[in-house]
Amino acid sequence: MTVPSISITMTGSGGSGVMTAGNLLLEAAGRAGWFGMMTRSAGPQIRGGEAAAMLRLSSEPVLAHQDRYDILLGIDWKNADRFAAEIPLDGDSLIVGPGEAPAIFAEAAGQQFQLDLPKIAKSVSGGRPNMVALGVAAAIVGLPEEAVAQVIDKALGRKGADAVSAGMESVRAGIEAARALPRFDSLAVNTEAETTSQEARWNISGNEACGLGAVRGGVRFVAAYPITPATEVLEWLAPALPKLGGALVQAEDELASVTQIIGGSFGGTPSLTATSGPGLALMMESIGLAVASETPIVVIDVMRGGPSTGIPTKSEQSDLNIALYGLHGDAPHLVLAPLTIGDCVFTTQWSVVLAEKLQTAAIVLSDQALGQTRAIIPKQQDVGMVAEREVPETLDESYQRYANTESGISPMSIPGQVGGQYCADGLAHTLTGLPSSKADDHHLQMDKRLHKLTNYEFSSHWAEIEGSDDAEVAVLTWGSSYGAASEAIATMQTEGKKVRLIAMRLLSPAQPEKLADSLRGISKVLVVEQSHSGQFYRYLRAQYDIDAEVRSMAVPGPLAIRPSDILKTLSEWS
């Protein structure tokens with residue numbers, strides 16, 4: 001039978017190749033004309049340990065997982081029960097795998113079929129259990145064999161014809177085993193509504209999308225230290241930058257990373273680093289240096305569960321406070337957050353443009369749920385925004401690097417320009433940059449740095465607004481929580497309910513007038529976020545006068561917020 005979307009999870013122990021199988025299944029779905037997404041879950045082990053690839057395949061672009069999974073496919077069941085809270089099953093769910101599944105799954109699912117995938121793989125010369133699993137999954141979800149063959153050829157072609165042959169034989173063995181299951185009925189995605197060609201779809205992760213947005217915006221120098229879950233941003237940028245005349249340097253630590261990009265930017269090159277919460281904490285002093293010296297930089301923070309080492313492989317939106325308030329002193333800067341995997345391209349690109357235009361630091365708050373999720377999405381068109389830094393047209397002895405202009409933005413000379421020399425450090429300074437402890441100098445420069453941000457027109461990019469114009473109830477959210485909120489709102493609208501969704505992309509500086517306008521007519525506001533203490537809710541209460549009844553839905557990680565969670569909260573608030 002055909003369905004709008006299918007949700008399937010594949011699990012296995014370390015080395016079983018479950019992530020490879022999941023990625024190939026997703027790519028094959030894209031080649032078949034479907035959309036989809038795959039999130040990955042793993043334990044905190046450096047090597048080995050349990051792993052799960054969680055996919056949703058659909059005829060339309062999807063932003064969040066459903067509230068349940070149709071299929072649980074186990075290459076093996078070692079420690080799979082650790083994912084029980086992440087893989088909700090019900091009476092309509094199907095389990096397939098070797099032997100008995102863990103009781104917590106078996107008791108929830110409606111059907112369970114035993115297939116010994118490792119044993120089936122041994123029947124094929126050079127066979128692999130994960131390729132058998134790929135075949136089983138393809139048969140169950142109704143993927144055409146041709147699409148699977150294309151991705152096998154692409155993935156294994158460099159290993160030679162024998163590897164491709166063994167891979168396809170394993171896939172076919174899996175397909176045959178699935179078709180031999182009692183009462184087998186594939187759940188093909190309904191693609192009748194498909195309107196986009198394969199060329200109009202991308203297979204991309206949020207981390208890769210951030211990298212693309214960075215180079216589209218003009219970034220040509222990156223310095224960074226690897227950290228989970230941000231490393232893939234750097235892995236994508238490392239080969240991409242040299243093709244554009246840029247470079248990436250792996251620094252010895254996060255402190256070196258941020259100071260190196262300050263130096264790169266001081267030299268005239270748009271510069272960026274990527275990290276996660278622990279690294280961002282180490283960078284705070286130097287980000288303050290960028291603010292004080294008005295040197296544009298971009299810092300991508302792919303958030304994970306905290307505090308301290310926390311849960312490196314799971315997502316949370318709990319770095320908001322440190323991004324907003326972590327700099328010591330009064331240090332106005334930009335904080336932005338992409339809403340979807342596709343939006344990682346735009347928001348990072350926009351952040352580079354804003355940092356260069358406003359000569360300040362921009363912190364981009366992605367997270368593990370966006371960064372390490374891979375999806376088939378519509379192609380993201382280049383909006384054409386490229387960083388432009390204001391530089392002096394002429395230079396003479398009267399040049400003042402920190403002149404108090406009407407906009408608050410002072411032309412920034414580039415090293416080597418005759419007459420453009422100035423002192424750029426973290427001390428309070430005069431109009432020319434000379435250190436000064438005078439109150440007048442300090443106050444003037446603080447006013448200048450604040451003024452250039454608060455008076456800038458950020459246009460409609462500050463947020464995405466969906467739903468009914470005449471709604472009385474609104475959901476207010478940010479970042480990756482947008483996906484579940486958007487699907488919840490869509491469900492309510494199909495039921496004839498009037499509700500509005502406001503997802504903020506620009507978090508700082510605050511936009512009180514814009515938010516007030518977007519909440520016009522609203523009497524109830526539900527604030528949705530993935531944090532324990534309600535950081536976003538408390539920030540809103542501190543910075544905005546919201547003329548409505550406001551409630552907080554703050555859910556800490558590592559479990560994702562699901563559309564049903566939001567629907568339930570709204571239904572109980574009546």
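This is a short dialogue about reading a sheet and a kinked helix in a predicted model.

Student: Let's start with the sheet. In what order do the strands of the open sheet of 5 strands lie?

Tutor: Read across the sheet from one side to the other: the order is β17-β19-β18-β21-β22, and the pairing is mixed.

Student: Why is one side of β17 and of β22 left without a neighbour in the sheet?

Tutor: Both strands, β17 (463-467) and β22 (549-554), stand at the edges and have a single partner strand each, so one side of each has no neighbour in the sheet. As for twist, neighbouring strands here are turned by 20° against each other on average, with direction ignored.

Student: In which sense do β21 and β22 pair?

Tutor: Strand β21 (residues 524-529) pairs with β22 in the parallel sense, over 6 bridges. To find one of them, look at V527, whose bridge partner in β22 is S552.

Student: Which strands does helix α17 touch?

Tutor: Helix α17 (residues 535-543) packs on the sheet and touches β18 (473-478), β19 (500-504), β21 and β22, with its direction at about 135° to that of β21. Helix α18 (residues 563-572) lies across β18, β21 and β22, and runs at about 150° to β21.

Student: Now the kink. Where does it lie in helix α8?

Tutor: In α8 (residues 231-243), a kink of about 35° lies at L237, shortly before the proline P239. L237 is also among the buried residues of this helix, together with T231, V233, L234, A240 and L241.

Student: What covers those buried residues of α8?

Tutor: The cover includes helix α7 (206-217) and the strands β10 (221-224), β11 (247-250), β12 (271-275) and β13 (297-303). Just after α8, notice G245, which takes a positive phi of about 85°.

Methods. Residues numbered from 1 in each chain as written. Predicted model: local features only at pLDDT ≥ 70, side-chain atom pairs only at ≥ 80, totals over all residues. Heavy atoms only, no water. Pairing = 2+ DSSP bridges. Helix = DSSP H or I, 4+ residues; strand = E, 2+ residues; numbered from the N terminus. Axes fitted to C-alpha atoms, helices over the stretch in contact; angles between N-to-C directions. Contact = heavy atoms within 4.5 Å. Bend = angle between axes of the 7 residues up to and from the residue. Buried < 20%, exposed > 50% of the residue type's maximum accessible area, 1.4 Å probe, protein only.
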